[in-house]
Amino acid sequence: CVAAPCAAYPYLAPEADLGGENGYDGKAADMWAVGVTFLDAARGLHVAQRVLLGGGDSPGPRWADRVRDALRREGFFHELLEKAVPEAKKWRPWLHAVLPGLLSLDARDRITAVELEPTVVIAPSA
């Protein structure tokens with residue numbers, strides 16, 4: 001998925017569906033997918049599909065617009081992480097710090113794997 005989009009919704013970065021004006025950056029799109037994976041881990045399986053895409057198997061023709069609207073909503077990440085599964089509650093501070101960078105609407109602003117790596121800890125403090 002480095003040269004052209006090839007992912008399932010909601011793991012497909014919004015710019016891939018819209019053919020982003022700055023071209024497709026596979027590494028940035030992969031970081032979007034990492035963010036969606038973390039979100040699903042914190043909230044439960046397929047929450048990203050329900051929250052970002054409105055549920056269902058097919059995102060529909062305006063899915064990228066729905067994703068943008070959700071991410072631009074004030075308090076979006078706080079609201080999501082307040083409903084984290086019990087096992088993920090200790091990860092909330094870290095998720096609050098990294099999810100906005102991973103799920104940035106502008107691929108150029110997404111954090112990279114190199115930037116993410118030093119923030120990852122095996123066992124966060126309670």
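Let's start at leucine 116: setting aside neighbours within four places in sequence, this residue is in contact with Met31, Val34, Phe38, Trp94, Val98, Leu102 and Ile111. Keep in mind as you look around that this is a predicted model. Leucine 116 sits in helix α7, and it counts as buried because its relative accessibility is 8%, where the cut-off is under 20%. One of its partners, methionine 31, lies 85 residues away in sequence, yet the two C-alpha atoms are 9.4 Å apart in space.

Now zoom out to the whole chain. You'll find seven helices and zero strands, so the run of elements from the N terminus reads α-α-α-α-α-α-α, helices being DSSP runs numbered from that end. Of the 126 residues in the protein chain, buried ones make up 40%. If you take the contacts between residues at least 6 apart in sequence, 55% of them join residues at least 24 apart. The accessible surface comes to about 7,200 Å², and carbon and sulfur atoms account for 57% of that.

Helix α2 is a good one to walk along next. It covers residues 26–43, which makes 18 residues. From first C-alpha to last it reaches 26 Å, close to the 26 Å expected at 1.5 Å a residue. Just at its start, a side-chain oxygen of aspartate 25 comes to within 3.1 Å of the backbone nitrogen of lysine 27. At the other end, α2 is followed by glycine 44, which has a positive phi near 115 degrees.

Which residues of α2 are buried? They are Gly26, Ala28, Ala29, Met31, Trp32, Ala33, Gly35, Val36, Leu39, Asp40, Ala42 and Arg43. Alanine 41 also belongs to α2, but this one is exposed, because its relative accessibility of 55% is over the 50% cut-off. Even so, alanine 41 has partners: leaving aside neighbours within four places in sequence, it is in contact with Val85 and Ala88. Glutamate 87 can be found in that part of the sequence too, 46 residues from alanine 41, with a C-alpha to C-alpha distance of 9.3 Å.

On to the nonpolar core. The largest one has 23 residues, and the members that touch the most others are Trp32, Leu71, Leu99 and Leu103. Helices α2, α4 (63–72), α5 and α6 each supply at least two residues of this core. Which helix gives the most to it? That's α2, with six residues. For a view of the packing from one of those well-connected members, pick leucine 99: beyond its neighbours within four places in sequence, it is in contact with Gly35, Phe38, Leu39, Phe77 and Leu81.

Then there are the charged pairs. Side chains of opposite charge can pair when their charged atoms come close. The structure holds four salt bridges, and three make good stops on the tour.

Take arginine 110 and glutamate 15, whose closest N and O atoms are 2.8 Å apart. This salt bridge links distant parts of the chain: arginine 110 is in the loop between α6 (92–102) and α7 (113–116), while glutamate 15 is in helix α1 (residues 14–18), 95 residues apart. Are the two partners buried or exposed? Both arginine 110 and glutamate 15 are buried. For glutamate 15 the relative accessibility is 9%, so it falls under the 20% cut-off.

Next, glutamate 82 and arginine 92 meet in a salt bridge at 3.6 Å, N to O. Here too the pair links distant parts of the chain, with glutamate 82 in helix α5 (residues 76–82) and arginine 92 in helix α6, ten residues apart. Glutamate 82 is partly exposed, with a relative accessible area of 39%. Arginine 92, at 19% relative accessibility, counts as buried because the cut-off is under 20%.

Finally, look at arginine 108 and aspartate 106, whose side chains meet in a salt bridge at 2.7 Å, N to O. Arginine 108 is exposed, with a relative accessible area of 59%. Aspartate 106, at 25% relative accessibility, counts as partly exposed.

Key:
Residues are numbered from 1 along each chain as its sequence is written. This is a predicted model: local features need pLDDT of at least 70, side-chain atom pairs count only at pLDDT 80 or more; totals for chains, interfaces and linings use all residues. Side-chain values use heavy atoms; hydrogens and water are left out. Helices (H or I, at least four residues) and strands (E, at least two) are DSSP runs, numbered from the N terminus. The expected span of a helix is 1.5 Å times one less than its number of residues. Buried means under 20% relative accessible area, exposed over 50%, partly exposed in between (1.4 Å probe, protein chains only). A polar contact is a pair of N or O atoms within 3.5 Å; within protein, one must be able to donate a hydrogen and the other to accept it, and residues adjacent in sequence count only if both atoms are side-chain atoms. A nonpolar core is a set of buried Ala, Val, Leu, Ile, Met, Phe, Trp, Tyr and Cys residues joined through side-chain atoms within 4.5 Å. Contact means heavy atoms within 4.5 Å. Accessible areas come from the Shrake-Rupley method with a 1.4 Å probe; for residues, only the protein chains shown count as cover.
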